[in-house]
Amino acid sequence: MPIRLLAPDVAACIAAGEVIERPASVVKELLENALDAGARAVAIEVLGGGVRMVRVADDGSAIPAEEVELAFQRHATSKISRAEDLDAIITLGFRGEALPTIAAVAEVAMVTRTADAEGGTYVLLQGGHVAERGVRACSPGTVVTVRNLFRNLPARLKFLKSDPAEAHRIVHLVTQYALAYPEVRFTLQVEGRATFSSTGSGDARDALARVFDAQTAAALLEVTPGDGPVRVSGYVSPPSLSRASRTGISLFVNRRWVQSRTLTAALEQGCEGMLMTGRRPIAVVHIHLPLEDVDVNVHPAKAEVRFRREGEAFAAVRDAVRQALLRQAPAQSVALPAQAMSAPSPAAPATAHPLAPWDAHARMPSAPPVQPANLPQAQPLMALPILRPLGQVASTYVIAEGPDGVYLIDQHAAHERVLFERLREQRRRRSVETQGLLEPAPVEVSPAQEQMLQAHREELEAFGFALEPFGERTYLVRSIPAAVQASAPVEALREVLELLGQELPVQREDRVAFSLACHGAIRAGKVLLREEMEELLRLLEQTEQPHTCPHGRPTMVHLSAADLERQFGRR
């Protein structure tokens, strides 16, 4: 095919694809424009997950009437003028791409009024071109309304998630800016419902309480800056407060929210040795350094940055977090359960072990294989051989002997598989095992967690969570699934909601079962009694897919007798 210039509208759609990936991208670009304009209050409204409508209103400096149409032309910006300005970016936006790229893939209406103007300027853009212009009465500031996102790109719509999932991304995005700018009052409405609001008081702990909850905000330890050129401040959770994923980690470089493997690794290294294996801290970390030492022009959506001295930034974050934990973290008291102190007697009740339902029995290598009713007889490759536990490695892997060698079983992955299939089957039969609480437990959820709670409310209740509204973003937990420890119903609900907010490798109807299994499974590092190991293996044998956990990770590694003979030079 001959080389030719693309039509302007095609080129605009390609540019939009780099900057506007989903509805949350629209909100991000408009929020950054509002903050660059000096806004002290920003209101966001979302309908249809942001596809049907996104509206962002601010009280910033606005756009002069004579420059409104120019603002929708590519590379038109007031934030830089020379190439040298790219070496010291002080604003969140700087490329002049946000408004034209949004207008290329949606219908955009803007009303803007500067403080000295008598009225506001109104423009409507369709297909990237101004279709209407006029004067409107309005307060000083700017209101941008984006409708029918990707209507001219139906293929892009197919790659979006459900409306609740897209809305969850927007909630998470807005809460990050609330953490970065506690002096700005943010409000968010999703489908007409007030979802999040910050006070705008300028107090960082006020923002933490609105984004997380009051209890978490009070527990976080302050990170104070050192004397070097890279100054690190913020908050990190004590060892007793952690999560199963990195969703509680927020990183800001010169008040810009960024994704950085380097800084995340530095943060986690600072917490090394203080958290249980597989747990992640809750942290809000601000990194301040000279503008010329960081390049923000390395990612189309400005989500990543590059440091001139990366090692220096890494060390500063690691050391600051480490010092905060060593200086302030209280000593954690641990009460060992009775069964961990000594071996139980043969008459010990079933409730003495975490792998209930308990069905203790002698396990002999010659015993017939278990054939559960829901395991197809025509799939012998999915059945496991009878295994006899020998012990544990690193309190994480069960060593077992089988008819053809040795098996190493990941106890957490194996128990996840057991719980996932049990919960899924109980849900299918509408007979999920639940346990009522003697006293209802109040739980305050974050805005993002509440979004997931509302989106999955029926499923959560079907799995045994009895939830009752008890004020703003607060619920009473009256019962929980039997798979959840009764001693920690609040933590269980929060963690399940966090997991629901992630991309999960299961169908929508299995998401709650998946999340409960992740939370309820025994952890790596837990010492198991021989009877518990036997019970785990017995339950794993009865599953449909014993070789992988719900994430797809292997539950076991097999070392055959032939492999052992080769290793020891016997063949």
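**Questions on a predicted model**

The model is predicted; the mean pLDDT of the protein chain is 83, and 83% of its residues reach 70 or more.

Reader: Which elements of the protein chain have the lowest and the highest mean pLDDT?
Author: The chain holds 16 helices and 22 strands. Among these elements, helix H1 (residues 8-19) has the lowest mean pLDDT, 62. The highest, 98, belongs to strand S1 (residues 41-47).

Reader: Over which residues does pLDDT stay under 50?
Author: The model still has contacts for this stretch, 59 of them beyond four places in sequence. The pLDDT nevertheless stays under 50 there, over residues 331-382.

Reader: Among contacts between residues at least 6 apart in sequence, what percentage join residues at least 24 apart?
Author: The protein chain has 571 residues, of which 48% count as buried. Among its contacts between residues at least 6 apart in sequence, the share that joins residues at least 24 apart is 69%.

Reader: In the open sheet of 5 strands, which strands stand at the edges?
Author: The order is S9-S10-S13-S11-S12, with mixed pairing. An edge strand has a single partner strand, so one side of it is left without a neighbour in the sheet. Those strands are S9 (221-223) and S12 (256-258).

Reader: By how much are neighbouring strands of this sheet turned against each other on average?
Author: The sheet in question is the open one of 5 strands. With direction ignored, the average turn between its neighbouring strands is 20°.

Reader: Which residue in S12 is the bridge partner of valine 253?
Author: Strand S11 (residues 249-253) and S12 run antiparallel and are joined by 3 bridges. In S12, the bridge partner of valine 253 is arginine 256.

Reader: What is phi of asparagine 254, in the loop between S11 and S12?
Author: Most residues other than glycine have a negative phi. Asparagine 254 is found in the loop between S11 and S12, and at 24% relative accessibility it counts as partly exposed. Its phi is positive, near 50°.

Reader: At what angle does helix H8 run to S11?
Author: Helix H8 (residues 261-270) lies across S11 and strand S13 (283-288). Helix H9 (residues 310-328) also packs on the sheet, touching S9, strand S10 (231-236) and S13, and its direction makes about 145° with that of S9. For H8 to S11, the angle is about 125°.

Reader: In the sheet of 3 strands, which residue in S21 stands opposite leucine 467?
Author: The order of this open, antiparallel sheet is S19-S21-S20. Its edge strands are S19 (434-444) and S20 (466-469), each of which pairs on one side only. S20 is joined by 4 bridges to strand S21 (residues 474-481). The residue in S21 opposite leucine 467 is valine 477.

Reader: Which helix lies across S19, S20 and S21?
Author: Neighbouring strands of this sheet are turned by 15° against each other on average, direction ignored. The helix lying across S19, S20 and S21 runs at about 70° to S19. It is H13 (residues 489-500).

Reader: How far apart are the end C-alpha atoms of helix H10?
Author: Helix H10 (residues 411-428) has 18 residues and, at 1.5 Å a residue, should span 26 Å. The distance between its end C-alpha atoms agrees, at 26 Å.

Reader: How many residues of H10 are buried?
Author: At the start of H10, a side-chain oxygen of aspartate 410 reaches to within 3.1 Å of the backbone nitrogen of histidine 412. Just after the helix, arginine 430 takes a positive phi of about 55°. H10 is largely enclosed by the rest of the structure, because the number of its 18 residues that are buried is 14.

Reader: With which side chain does the side chain of glutamate 450 make a polar contact?
Author: Glutamate 450 lies in helix H11 (residues 447-455) and counts as buried, at 5% relative accessibility. Leaving aside neighbours within four places in sequence, its contacts are Arg193, Thr195, Val445, Arg473 and Tyr475. The polar contact, at 3.1 Å, is with the side chain of arginine 193.

Reader: Is alanine 62 buried or exposed?
Author: Alanine 62 lies in the loop between strand S2 (53-58) and helix H3 (98-105), and its phi is near 70°, a positive value. The cut-off for buried is under 20% relative accessible area. At 16%, alanine 62 is buried.

Methods: Residues are numbered from 1 along each chain as its sequence is written. This is a predicted model: local features need pLDDT of at least 70, side-chain atom pairs count only at pLDDT 80 or more; totals for chains, interfaces and linings use all residues. Side-chain values use heavy atoms; hydrogens and water are left out. Two strands pair if DSSP finds at least two bridges between them. Helices (H or I, at least four residues) and strands (E, at least two) are DSSP runs, numbered from the N terminus. Axes are lines fitted to C-alpha atoms, for helices over the stretch in contact, and angles run from 0 to 180 degrees between N-to-C directions. Contact means heavy atoms within 4.5 Å. The expected span of a helix is 1.5 Å times one less than its number of residues. Buried means under 20% relative accessible area, exposed over 50%, partly exposed in between (1.4 Å probe, protein chains only). A polar contact is a pair of N or O atoms within 3.5 Å; within protein, one must be able to donate a hydrogen and the other to accept it, and residues adjacent in sequence count only if both atoms are side-chain atoms. pLDDT is the predictor's confidence in each residue, from 0 to 100.
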